[in-house]
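Student: Please take a close look at one part of this model and walk me through it slowly. I am new to this structure, so explain each term when it comes up.

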Amino acid sequence: MEALLALLGKSENIAITVLIGVCAGLGYLHIVWRREEREDRRRLYDVVEAQTRAVDALRTAISLMTGKAV
């Protein structure tokens with residue numbers, strides 16, 4: 001315990017400890033941010049996929065009504 005206090009007693013060691021803590025916190029926030037971004041991208045892909053299916057269905061309906069390929 002005394003050795004730990006002796007190491008943390010110097011100002012350089014305190015700065016290094018704070019730097020490590022900040023880097024660990026930023027790393028955690030980066031992981032959370034990427035996870036949320038991945039979920040948003042998946043939802044956006046689902047919307048684009050549904051819109052593509054709707055456009056294909058509309059093309060098919062127009063082709064059936066006009067008798068021509070669209």
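Tutor: Start with a pair in helix α2: Glu37 and Arg34 are 3 residues apart there, so about one helical turn separates them. Helices here are DSSP runs of H or I with at least four residues, strands are runs of E with at least two, and both are numbered from the N terminus. The model is a predicted one, in which local features need pLDDT of at least 70 and side-chain atom pairs count only at pLDDT 80 or more, while totals for chains, interfaces and linings use all residues. Residue numbers start from 1 along each chain as its sequence is written, and side-chain values use heavy atoms, with hydrogens and water left out.

Glu37 and Arg34 form a salt bridge, their closest N and O atoms being 2.7 Å apart. The term stands for a side-chain nitrogen of Lys or Arg within 4 Å of a carboxyl oxygen of Asp or Glu. Glu37 also has a salt bridge with Arg41, where the closest N and O atoms are 3.2 Å apart. That second pair lies in helix α2 as well, with Glu37 and Arg41 4 residues apart, about one turn of the helix.

How covered are these side chains? Glu37 is partly exposed at 25% relative accessibility. Arg34 is partly exposed too, with a relative accessible area of 36%, and Arg41 is partly exposed at 47%. The cut-offs are these: buried is under 20% relative accessible area, exposed is over 50%, and partly exposed is in between, using a 1.4 Å probe and protein chains only.

Further along helix α2, Arg53 and Glu49 meet through their side chains in a salt bridge of 3.4 Å, N to O. These residues, Arg53 and Glu49, are 4 residues apart in the helix, about one turn. Glu49 is partly exposed, at 32% relative accessibility. As for the earlier group, salt bridges with shared partners join Arg34, Glu37 and Arg41 into one network. The count of salt bridges in the model comes to 4.

Helix α2 covers residues 11-66, and Val22 lies in it. Val22 is partly exposed, its relative accessible area being 44%. Together with Ile14, Val18, Leu26, Tyr28 and Leu29, Val22 makes a nonpolar surface patch of about 600 Å². Patches are built from residues with over 30% relative accessible area and no salt bridge; like charges are joined within 9 Å, and nonpolar side chains (Val, Leu, Ile, Met, Phe, Trp, Tyr) within 5 Å.

The segment after α2 contains Val70, which counts as exposed at 54% relative accessibility. Leaving out residues up to four places away in sequence, Val70 touches Arg59, Ile62 and Ser63; contact means heavy atoms within 4.5 Å. Val70 and Arg59 are 11 residues apart in sequence, and their C-alpha atoms are 6.2 Å apart in space.

For the setting, the protein has 2 helices and 0 strands. Of its 70 residues, 1% count as buried. The accessible surface of the protein is about 6,400 Å², and 67% of that belongs to carbon and sulfur atoms. Such areas come from the Shrake-Rupley method with a 1.4 Å probe, and for residues only the protein chains shown count as cover.
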